[in-house]
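Work through the exercises below with the sequence and the 3D structure at hand. Each task is followed by its solution.

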Amino acid sequence: MAMIEIENLSVTFRAKGHEVRAVEGVSLSVSERESYGLVGESGSGKSTILRAICGMAPVTGGTIRIGGKALPARRDKAFSRHVQMVFQDPYASLHPRHTIDRTLAEPLAIHGIRNTDARVVKALTDVGLPPAFRFRYPHQLSGGQRQRVAIARALMLEPEILLLDEPTSALDASVQAEVLNLLDRLRAERGLTFLMVSHDLAVIDHMCDRILVMQHGRAVEELSREALAGARMQTAYARSLFDASADRLLG
Amino acid sequence: MTALLDVQNLRVTFDTETGPVHAVRGVSFSLGRERLGIVGESGSGKTMTGRSVLRLIRPPGRIEADRMLFDGQDLMAAGEREMRALRGKRIGMVMQDPKYSLNPVMNVGEQLTEGLRRRDRIGRAEARDKAIAALEAVQIRSPERVMTAFPHELSGGMGQRVMIAMMLIPEPDLLIADEPTSALDVTVQAEVLSILDRLVRDRGMGLIFISHDLRLVSRFCDRVLVMFKGKIVEEVAAKNLLQAKHPYTQGLLNCLPRIGGPREPLPSLDRSGDWAKETA
């Protein structure tokens with residue numbers, strides 16, 4: 001079954017009489033428990049697709065269906081139980097004056113879920129942080145620990161779908177490895193569906209089963225993991241991204 | 001060939017309420033007119049090493065070194081006035097993030113010509129021509145338009161190129177580039193690196209390239225210093241990086257995902273070896 005179906009999606013921003021077409025006629029479909037990657041340069045519209053799913057971008061055409069159902073114009077509380085997002089920069093995405101405990105407990109309070117204490121402790125343990133971290137503020141954590149908290153927050157409502165917007169690009173290589181391993185483990189344990197954005201082909205290749213290469217708001221080419229590893233891309237742009245990828249040297 | 005930069009036993013210490021924090025603990029290296037990479041994780045002291053060369057560390061930070069010579073001049077003994085004469089003019093530095101390193105309320109043209117007009121006393125028209133030439137040198141297609149733009153109107157890649165252009169106008173002998181490409185897309189990254197590469201070859205400039213990306217550094221530099229907790233743990237010729245002996249260097253290499261690599265969990269960096277304890 002397709003968990004995420006996007007057909008002919010267009011997003012247009014309007015400012016000062018200008019029109020910026022961030023996404024133009026992109027279609028994709030992600031099956032249940034699949035991990036799907038979006039790659040491209042900045043400005044290619046990959047993050048805008050994630051934001052459009054969450055209702056945070058002005059959709060001007062096309063449809064988005066989650067679990068077979070069209071999304072309501074305003075995303076409701078039920079939506080956040082199905083879909084959650086992890087943002088790129090853990091320094092900006094956690095409230096600086098809320099303790100970790102408050103950050104993690106807030107979605108529970110909004111949705112009237114009880115047993116807050118036990119759930120917060122379990123959420124922290126699940127992402128490999130000691131329970132005592134509840135009482136800390138974001139500035140008392142390292143970048144990798146913050147991103148773990150951001151992942152724990154996204155999982156508080158037990159969603160089936162995680163939208164990951166460059167979840168490791170702000171982290172050191174060694175910390176990136178730990179966070180990628182954590183995401184992989186959580187996906188296997190909970191049967192999550194991932195839609196992941198990254199500019200790093202090697203990261204996307206490690207995490208995803210299928211990949212969509214984007215440029216200037218349009219879909220350029222869809223690749224299976226095997227096609228990417230075997231360098232069997234059809235378009236010149238996908239090949240240039242592949243060739244520019246830093247790990248080619250050590251290939 | 002005499003070394004352009006010679007650093008012996010460099011130490012950077014921050015005195016804090018809870019005691020001294022040693023950011024750099026005895027780093028020695030020398031640099032000719034070549035590309036030297038410094039690699040390490042956050043907090044390994046690589047940025048502090050780069051900033052020390054320009055003596056850009058504010059109190060409570062302290063810089064100590066047995067020797068720090070740039071082109072024969074003793075940087076440790078130089079006064080503020082002498083350092084100011086070196087900074088920018090003979091030793092340039094490109095910072096990591098154009099968002100924070102450019103002046104947000106000054107347009108690009110004013111920022112590029114400020115040094116020329118104030119320091120070199122060059123007239124407005126000539127300074128403008130030099131600035132436009134520098135923007136062209138870093139492959140900016142419409143330099144006239146960029147000259148009138150403010151930093152927030154530029155993309156990350158453009159901002160980074162503006163900073164490189166700014167550093168290149170005085171034609172320094174040594175350029176310290178601190179993560180100059182980590183905010184950029186891979187294709188733009190490749191362009192910026194080739195610009196730097198050309199400048200090293202054409203102008204015979206020395207380059208210190210600081211980065212956390214071991215693969216990138218090895219592709220681009222001649223020699224690589226690997227830092228951990230303020231010390232150099234290994235020095236390797238970039239082309240022999242895959243034969244690196246030190247467990248930390250190997251750990252840094254292995255924890256990166258590879259296209260077509262296996263699907264198992266990535267090896268995490270093991271910091272429990274004896275080599276890690278001795279620096280603790």
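**Exercise 1: the interface**

In this predicted model, the contact takes 26 residues from chain A and 27 residues from chain B. Find which elements of chain A give two or more residues to the side that touches chain B, and sort that side by class.

Solution. Start with the elements: α7 (173-190), α8 (201-207), α9 (225-229) and α10 (236-244) of chain A each give two or more residues. Of these, α7(A) gives the most, with seven residues. Then take the classes: the side of chain A that touches chain B has 13 nonpolar, seven polar and six charged residues.

**Exercise 2: the fold of chain A**

Describe the secondary structure of chain A and judge its compactness from the radius of gyration.

Solution. Chain A has 10 helices and 10 strands. Its radius of gyration is 18 Å, and the globule rule gives 18 Å for 251 residues, so chain A is as compact as a globular protein of that length. Along the principal axes, the C-alpha atoms of chain A fill a box of roughly 50 × 45 × 40 Å. Buried residues account for 44% of the 251 residues in chain A.

**Exercise 3: a helix pair**

Determine how α4(A) and α6(A) are oriented to each other, and which residues make the contact.

Solution. Helix α4 (residues 100-110) and helix α6 (residues 143-155) of chain A pack at an angle of about 20 degrees, with axes 8 Å apart. Angles under 35 degrees count as roughly parallel, so α4(A) and α6(A) are roughly parallel to each other. Their crossing is right-handed. A:Ile100, A:Thr103 and A:Leu104 of α4(A) meet A:Val149, A:Ala152 and A:Arg153 of α6(A). By class, the residues of this contact are four nonpolar, one polar and one charged.

How values were computed: Residues are numbered from 1 along each chain as its sequence is written. Chains are lettered from A and ligands numbered from 1 in the order in which they are written. This is a predicted model: local features need pLDDT of at least 70, side-chain atom pairs count only at pLDDT 80 or more; totals for chains, interfaces and linings use all residues. Two residues are in contact if their C-beta atoms, placed from the backbone, lie within 7 Å. Helices (H or I, at least four residues) and strands (E, at least two) are DSSP runs, numbered from the N terminus. Ala, Val, Leu, Ile, Met, Phe, Trp, Tyr, Cys and Pro count as nonpolar, Asp, Glu, Lys and Arg as charged, and the others, Gly among them, as polar. The radius of gyration is taken over C-alpha atoms; the globule rule is 2.2 Å times the number of residues to the power 0.38. A residue is buried if 20 or more other C-beta atoms lie within 10 Å of its own, exposed if 12 or fewer, and partly exposed in between; C-beta atoms are placed from the backbone. Axes are lines fitted to C-alpha atoms, for helices over the stretch in contact, and angles run from 0 to 180 degrees between N-to-C directions. Angles under 35 degrees count as roughly parallel, over 145 as roughly antiparallel, 65 to 115 as roughly perpendicular and the rest as oblique. A crossing is left-handed if the near helix is turned anticlockwise from the far one by less than a right angle, and right-handed if clockwise.
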